[in-house]
Amino acid sequence: MGIFNFFKKKETERHFDPTNITVRDLGKGYIFEYNTENWTVTAVFEYDWGGNYFTREFTIQNGEIIKYLHLEDDGGLTVTLSDKIKIRKLGEEVTDFIYEKQKPPKKIIFEGIKYFLDEKAPGYTKEIDQETWAELVSYDYIDEDEEKVLSIEQYSDESFEASVGQIIPESSIYNILPKEEN
Amino acid sequence: MNIFKRLFNVGKAEANSAIDKMEDPIKMTEQGIRDMKGDLTKALEGLAQVKAMLIRSQNDKKQFEAIVKDYQNKAMLILQKVQKNELPAEDGDRLAKEALVKKEENQAQVNRTIMEVEKFSQSTSQLERNVSSLRVNISKWENELKTLKARVKVANATKNLNKQMAGIDSSSTVNMLEKMKEKVEEEEALAGAYGDIANEAKSVDDEIDKVLDTTSLSANNDLEALKRQMGLS
């Protein structure tokens, strides 16, 4: 997981410029457009990678479709849009490797695309308005063209979650509308 | 407080007064922009609320449409079963009728959500126009503010330059140098006067010393004695 400290400050009040609300300003209940469709942020998760480095993930919903928008500022902002997938969808070879070695392999081929392990990072995560942190190790993969991403998160010896997605331009998230503060 | 400091303060006060007069519209514009941004935030929040209702209505509409389609299919399947003698005609008709009643109930919900979608779409469009208008005004004000600030800078610089050129700026360097020159001349004149007085006082003392001095008399006596010793006198 990349290093960045953009989200390290606890935000107690909003600070966006209403004339220019960006993806960095997103919060729970916000509405935005992506691919000419309306999406609503239904949950916000914070990841603490140590050394005051944080990333943030938004659960977003469009009707019955749920996706995950991950923001990472490692000098420049990287926005990834992902779908959660069952770990078994990665194939027998990968799942066998994971359960034998208690960690994923360095290369994964999924739906014809070869992903390479880019980074392994231990950290903690929690929903932003909750108190309890969960420990995890994140294995981030990227394809040869550095456009598609795959991520496996390990929460315990036998608990793994996977997601697959793509890097999208920041500008593809637009018409962001804030939720009224309570 | 010396005169230069006083003069400088007078000049500074005058300049501040002039700038204050110019700053009022700047502060007013800045406050106006802050107020408009507050209004824009509220408008965006309102738009978000209406858009959320629009999204919910659109989702409801899709769900009710799916249910309508489902009851339609069920009614058809029931009739097909009757046709295939897999179900008694009486039961088939009753169940198919029930399915069609359910279909109609949900069709009513579809019609309701269509109206809601229409209503919320109109509200959304109206609010989007308001938001757009506010954005344009804020942008206009921000540009005017930039221009105003630049004009204040230019006005102040021009004013100071003109004052210096006219030689009426009490805090100008030229004026201060002139005043310093006068001051130095005054000091020099005063020093000269003290010098004259000092010289005058010294001459009186010298005369007194001269009168009272015995050194010269003693020397004359010594000279006469030496001449006598040498047989010259």
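Begin with the contacts within chain A of this predicted model. Of those between residues at least 6 apart in sequence, 50% join residues at least 24 apart.

**Chain A as a whole**

Select chain A and display it as a cartoon. One helix and 11 strands should appear. Followed along the sequence, these elements run β-β-β-β-β-α-β-β-β-β-β-β. The radius of gyration is 17 Å, close to the 16 Å that the globule rule gives for 182 residues, so chain A is as compact as a globular protein of that length. Aligned on its principal axes, the C-alpha trace of chain A spans about 50 × 35 × 30 Å.

Next, colour chain A by accessibility. Of its 182 residues, 46% are buried. The chain exposes about 10000 Å², and carbon and sulfur atoms supply 44% of that area. Then colour by charge: chain A carries 21 positive and 38 negative side chains. The centres of these two sets lie 3 Å apart.

**A:Asp17 and its partner in chain B**

Select A:Asp17, which is located in the segment before strand 1 of chain A. To place this residue within its own chain, draw a C-alpha to C-alpha distance to A:Asp96: the two are 79 residues apart in sequence and 50 Å apart in space.

Which residue does the side chain of A:Asp17 meet in a salt bridge? The partner is B:Lys37, at 3.4 Å from N to O. This pair crosses between chains, with A:Asp17 ahead of strand 1 (31-34) of chain A and B:Lys37 in helix 1 (residues 3-83) of chain B. Is B:Lys37 buried or exposed? B:Lys37 counts as buried because its relative accessibility is 19%, and the cut-off for that class is under 20%. A:Asp17, at 28%, counts as partly exposed.

Add B:Glu142 to the selection. A:Asp17, B:Lys37 and B:Glu142 are linked in a network of salt bridges. In general, side chains of opposite charge can pair when their charged atoms come close.

**Helix 1 of chain B at B:Thr29**

Stay in helix 1 of chain B and select B:Thr29, which lies in that helix. B:Thr29 counts as buried, with a relative accessibility of 15%. Which residues does B:Thr29 contact once its neighbours within four places in sequence are left aside? Show the side chains of B:Trp141, B:Leu145 and B:Leu148, which are those contacts.

**Two further salt bridges in chain B**

Move to B:Lys81 and B:Glu86, which form a salt bridge whose closest N and O atoms are 3.5 Å apart. B:Lys81 is partly exposed, at a relative accessible area of 40%.

Then select B:Arg112 and B:Glu116. Their side chains meet in a salt bridge of 2.8 Å, N to O. Both residues belong to helix 2 (residues 89-166) of chain B, where they are four residues apart, about one turn of the helix. B:Arg112 counts as partly exposed at 35% relative accessibility, and B:Glu116 likewise counts as partly exposed, at 22%.

**Completing the tour**

How many salt bridges does a search of the whole structure find over all chains? The search returns 13, and the pairs visited here, including A:Asp17 with B:Lys37 and B:Glu116 with B:Arg112, offer starting points for viewing them.

Technical notes. Residues are numbered from 1 along each chain as its sequence is written. Chains are lettered from A and ligands numbered from 1 in the order in which they are written. This is a predicted model: local features need pLDDT of at least 70, side-chain atom pairs count only at pLDDT 80 or more; totals for chains, interfaces and linings use all residues. Side-chain values use heavy atoms; hydrogens and water are left out. A salt bridge is a side-chain nitrogen of Lys or Arg within 4 Å of a carboxyl oxygen of Asp or Glu. Helices (H or I, at least four residues) and strands (E, at least two) are DSSP runs, numbered from the N terminus. Buried means under 20% relative accessible area, exposed over 50%, partly exposed in between (1.4 Å probe, protein chains only). The radius of gyration is taken over C-alpha atoms; the globule rule is 2.2 Å times the number of residues to the power 0.38. Contact means heavy atoms within 4.5 Å. Accessible areas come from the Shrake-Rupley method with a 1.4 Å probe; for residues, only the protein chains shown count as cover. Lys and Arg count as positive and Asp and Glu as negative; His and the chain ends are not counted. The place of a charge is taken as NZ of Lys, CZ of Arg, CG of Asp or CD of Glu.
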